[in-house]
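New to this one? Here's a quick briefing to read with the model open beside you.

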Amino acid sequence: MTRRAVVRYVNALNRHDPDEIAACVAPDFFNEHTSVAGTSLRGRDAYRERLPGFLDEFAGLSYEIEDVIVDGDRAAVPYRMTFFYNGAPVRIRGIFRFTVEGELITHRVDYWDGADFERQISR
């Protein structure tokens, strides 16, 4: 169930549909970012509201899953993320850490190197 929930979520991100993405998370979802470029928030409604801007800003966003590591209701998903930022191509490796209840993600932590992002967009 955990594996299915996180793969469904990443696939929804790759389809760029804010409603489909938001449907993968719990009402009290905590979206936590560790990168300086990211902003954490709480709640599915707040997350859904922010998604269109995020998807526009990170044009062509695509996550390539490298692995899915599951331990009960927790999962880690290393990924390769590609997108265009202000016309500049960006490719970053990172990892999601998830907590899942039932079929919904309750907590997502996103780890990626903000300095790598800055280097790529400032060329």
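What follows is a short tour of the strands, the core, the pocket and one surface residue.

Keep in mind that this is a predicted model. Its largest pocket holds about 320 Å³ of space, and its largest nonpolar core has 33 residues. Strand S7 (104–112) helps line that pocket, and S7 also supplies at least two residues of the core.

**How the strands pair**

- S7 pairs with S1 in the parallel sense, over five bridges.
- Within that pairing, Asn 31 has Arg 108 of S7 as its bridge partner.
- S1 also pairs with strand S2 (residues 41–42), this time in the antiparallel sense and over two bridges. Here Asn 31 turns up again, standing opposite Leu 41 in S2.
- S6 and S7 run antiparallel and are joined by eight bridges; one of the facing pairs is Thr 99 with His 107 in S7.
- A hairpin is what S6 and S7 make together, with two residues between them. Look in the turn for Gly 102, whose phi is positive, at about 65°.
- So how enclosed is S7? Seven of its nine residues are buried, so the rest of the structure largely encloses it.

**The nonpolar core**

- Tyr 9, Tyr 47, Phe 83 and Phe 98 touch the most other members of the largest nonpolar core.
- Plenty of elements chip in at least two residues each, including helix H1 (2–15), helix H2 (18–22), strand S3 (59–65) and strand S6 (88–101).
- Tyr 9 is a good one to click on: setting aside neighbours within four places in sequence, Tyr 9 is in contact with Ile 21, Cys 24, Val 25, Tyr 47, Phe 98, Ile 105 and Arg 108.

**The largest pocket**

- The lining of the largest pocket is made up of 19 residues, and those nearest the centre are His 33, Gly 38, Arg 50, Phe 54 and Phe 58.
- Strand S1 (25–33), helix H3 (44–57), strand S5 (74–85) and S7 each give at least two residues to this lining.
- Which of them gives the most? That's H3, with six residues.
- By type, the lining splits into 10 nonpolar, five polar and four charged residues.

**A residue on the outside**

- Glu 49 sits in helix H3.
- Is Glu 49 buried or exposed? Glu 49 counts as exposed because its relative accessible area is 68%, and the cut-off for exposed is over 50%.
- Glu 49 and Ala 22 are 27 residues apart in sequence, while their C-alpha atoms are 9.3 Å apart in space.

Key. Residues numbered from 1 in each chain as written. Predicted model: local features only at pLDDT ≥ 70, side-chain atom pairs only at ≥ 80, totals over all residues. Heavy atoms only, no water. 1 Å grid on protein atoms, 1.4 Å probe; cavity = no way out; pocket = protein on both sides within 12 Å on 5 of 7 lines; lining within 4 Å. Points joined across faces, edges and corners; volume = space filled by probe spheres on them. Helix = DSSP H or I, 4+ residues; strand = E, 2+ residues; numbered from the N terminus. Nonpolar A, V, L, I, M, F, W, Y, C, P; charged D, E, K, R; others polar. Pairing = 2+ DSSP bridges. Core = buried A, V, L, I, M, F, W, Y, C linked by side-chain atoms within 4.5 Å. Buried < 20%, exposed > 50% of the residue type's maximum accessible area, 1.4 Å probe, protein only. Contact = heavy atoms within 4.5 Å.
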